[in-house]
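Here is a short set of exercises to work through with the model open in your viewer. Try each task before you read its solution.

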Amino acid sequence: MSSTMLALLKHKGTPIFRRNPRVFPPAKSKLLRIKQPHIPDPVEYELLNQWWPEYKRQMAAIQDVLKHCFLVNEKESSTRREVREEAFDDELIAINDKWNAEAKLARENFYLQDFNEKITETLTRRSEYDQLELERIEKLKKKLYLMKEYDKTMVTHENIDFRVDEIMSSEPVNYNHAVNERGKPILSGSKVESTSHQPM
């Protein structure tokens, strides 16, 4: 029945809003989306754990009083058990403001300490990285100086003119030759050795 209704709706051209099944791949705009974890404030989390049970107890007491008043249906009982919040407003507001100020101060101290620790850690890692880079550069310099001392054929700023003159005055190398299957060069004046077997 459901498939028939779905076919009729498709035939009529009515748009069908439904959730894609799990076999469908995610949208391209959601492939690189990474869910960021929510990090709760430790001070606020501790205060909520303290306030929530007290709030539940107070609300349960208020609900019990209201239920009793509605069940009795007496004007005297309802007037006698009225919950007058005006008498506690100033005191509650003062307590709330005090708690908010304490929570703000504790939160600022926490974030200040946390940021200082992160900055110190970053600077320490940066100094360690710079020290490792300096050591690596010193090793490369020592290796280069050793190569410069023991290898006399190295071209430097001091002997580059001499090396260029030496190359220009040297005899040209003739590369006009072939190489046989054994890797030996065959010059134009030498005889070609035949390696093929002739029939007897």
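A salt bridge is a side-chain nitrogen of Lys or Arg within 4 Å of a carboxyl oxygen of Asp or Glu. Keep in mind that this is a predicted model.

**Exercise 1.** Decide whether Arg136 and Glu133 form a salt bridge, and place the pair in the fold.

Solution. Start with the distance: the closest N and O atoms of Arg136 and Glu133 are 2.9 Å apart. The cut-off is 4 Å, so the pair of Arg136 and Glu133 counts as a salt bridge. Next, look at the position: Arg136 and Glu133 are 3 residues apart in helix 4, so about one helical turn separates them. Finally, check exposure. Arg136 has a relative accessible area of 44% and is partly exposed; Glu133, with 23%, is partly exposed too.

**Exercise 2.** Find how many salt bridges there are by this rule, and examine those of Asp114 and Asp130.

Solution. The count comes to 6 salt bridges. Asp114 meets the side chain of Lys118 at 3.8 Å, N to O. These two residues lie 4 apart in helix 4, about one helical turn. Asp114 is partly exposed at 21% relative accessibility, and Lys118 is partly exposed at 46%.

Now take Asp130, whose partner is Arg126, with the closest N and O atoms 3.4 Å apart. Here, too, the residues are 4 apart in helix 4, about one turn of the helix. Asp130 is partly exposed with a relative accessible area of 32%, while Arg126 is partly exposed at 49%.

**Exercise 3.** Work out which parts of the chain the aromatic pair of Trp51 and Trp99 ties together, and classify its geometry.

Solution. First, the count of aromatic pairs is 4. Among them, Trp51 and Trp99 have ring centres 5.0 Å apart and planes at 20 degrees, which makes the pair stacked. Trp51 lies in helix 2 and Trp99 in helix 4 (residues 89-150), so the pair ties together parts that are 48 residues apart in sequence. Trp51 is partly exposed at 29% relative accessibility, and Trp99 is partly exposed at 36%.

Then compare the geometry of Phe110 and Tyr111: this pair is edge-to-face, with 5.4 Å centre to centre and 65 degrees between the planes. Phe110 is partly exposed at 34% relative accessibility, and Tyr111 is partly exposed at 34%. Ring pairs also bring in Phe115, giving a cluster of Phe110, Tyr111 and Phe115.

**Exercise 4.** Which residues form the nonpolar surface patch, and where does Tyr55 sit?

Solution. The patch consists of Trp52, Tyr55, Met59, Ile62, Leu66 and Phe70, with about 610 Å² of accessible area together. Tyr55 belongs to helix 2, which covers residues 42-72. Its relative accessibility is 42%, so Tyr55 counts as partly exposed.

**Exercise 5.** Describe the overall fold and how much of the chain is buried.

Solution. Begin with the elements: the protein chain has 5 helices and 2 strands, in the order α-α-α-α-α-β-β along the sequence. Turn to burial next: of 200 residues, 4% count as buried. The chain exposes about 20,300 Å², with carbon and sulfur atoms supplying 59% of that area. To finish, consider contacts with a separation of 6 or more: residues 24 or more positions apart account for 21% of them.

Terms used:
Residues numbered from 1 in each chain as written. Predicted model: local features only at pLDDT ≥ 70, side-chain atom pairs only at ≥ 80, totals over all residues. Heavy atoms only, no water. Patch = residues over 30% accessible without salt bridge, like charges linked within 9 Å, V, L, I, M, F, W, Y side chains within 5 Å. Areas by Shrake-Rupley, 256 points an atom, 1.4 Å probe, with all protein chains shown as cover. Buried < 20%, exposed > 50% of the residue type's maximum accessible area, 1.4 Å probe, protein only. Contact = heavy atoms within 4.5 Å. Phe/Tyr/Trp six-rings, centres within 6.5 Å; stacked < 30°, edge-to-face > 60°.
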